[in-house]
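Here's a quick briefing to read with the structure open beside you. Take it one topic at a time and find each residue as you go.

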Amino acid sequence: MGMHFITYPLSIIYNISLQTGSLPSIWKCAVVTVVFRKGSPPDPANYRHISLTCIACKLLESCIKEDMLSYFVSDKIITSSHLLECSLDWAIAFNARKPVDVIDLDYAKAFDSVVHKKLLYKLSCYGVCDMVLDWLKDFLCTYAMCEN
């Protein structure tokens, strides 16, 4: 019964956000903090910035991502077979106690260089509906930095 107090208002906010194609302005704010990584504490290079954003927005973002991924896989726009094949190969090698070299690429920097207009156009060509495209366009806008 306690979950109803949060799920019902969130569902209304989510529906309005999707129907209007815009995010509440508070969702576009982030509180930026620094976290120590390693090394000498006085050296500023040993810290990284973390943007703390709205949990409600992260939840809706996750739902949209899962729905889009499901759509792309079901329509065979993308396939997860390569990942499954690699995982199987790694498991076989691991069980046989054979060494395996794996290169993990971090695409976070690559995403920063994506032209949002081209991304939205491509998603449109793949059949993503206008309502979601409008929401994604607003989501991809630069986040404002909020003070603590």
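Let's start with a word you'll need: a residue is called buried when its relative accessible area is under 20%, exposed when that figure is over 50%, and partly exposed in between. Cys57 has a relative accessible area of 4%, so Cys57 is buried. Keep in mind that this is a predicted model.

**Cysteines**
- How many disulfides are there? The count comes to zero.
- Cys57 is in no disulfide, and the nearest cysteine sulfur belongs to Cys54, 6.1 Å away. A disulfide needs the two sulfur atoms within 2.5 Å, so that pair doesn't qualify.
- Cys63 has 44% relative accessibility, so Cys63 goes down as partly exposed.

**Aromatic pairs**
- Searching the whole structure turns up five aromatic pairs.
- One of them joins Tyr71 and Phe72: their ring centres are 5.5 Å apart and their planes meet at 50°, so this pair is tilted.
- Are these two buried or exposed, or in between? Tyr71 is partly exposed because its relative accessibility is 28%, while Phe72, at 10%, counts as buried.
- Trp135 and Phe139 also pair up, and theirs is a stacked pair, with 5.2 Å from centre to centre and 15° between the planes.
- Tyr71 and Phe72 also belong to one aromatic cluster together with Tyr126.

**Helix α6**
- Helix α6 covers residues 130–139, and both Trp135 and Phe139 sit in it, four residues apart, or about one turn of the helix.
- Why does that spacing matter? An α-helix has 3.6 residues a turn, so residues three or four places apart point the same way.
- Trp135 is buried because its relative accessibility is just 1%. Phe139 is buried too, since its relative accessible area is 14%.
- They have company: the buried residues in α6 are Val132, Leu133, Trp135, Leu136, Asp138 and Phe139.
- What do the buried residues of α6 pack against? Their partners are α1, α2 (55–74) and α5 (116–125).

**A patch on the surface**
- Now for the outside: Tyr8, Ile12 and Ile16 make a nonpolar surface patch of about 290 Å².
- You'll find Tyr8 in helix α1, which spans residues 4–20.
- Tyr8 has 48% relative accessibility, so Tyr8 counts as partly exposed.

Technical notes
Residues numbered from 1 in each chain as written. Predicted model: local features only at pLDDT ≥ 70, side-chain atom pairs only at ≥ 80, totals over all residues. Heavy atoms only, no water. Patch = residues over 30% accessible without salt bridge, like charges linked within 9 Å, V, L, I, M, F, W, Y side chains within 5 Å. Areas by Shrake-Rupley, 256 points an atom, 1.4 Å probe, with all protein chains shown as cover. Salt bridge = Lys/Arg side-chain N within 4 Å of Asp/Glu carboxyl O. Helix = DSSP H or I, 4+ residues; strand = E, 2+ residues; numbered from the N terminus. Buried < 20%, exposed > 50% of the residue type's maximum accessible area, 1.4 Å probe, protein only. Phe/Tyr/Trp six-rings, centres within 6.5 Å; stacked < 30°, edge-to-face > 60°. Contact = heavy atoms within 4.5 Å.
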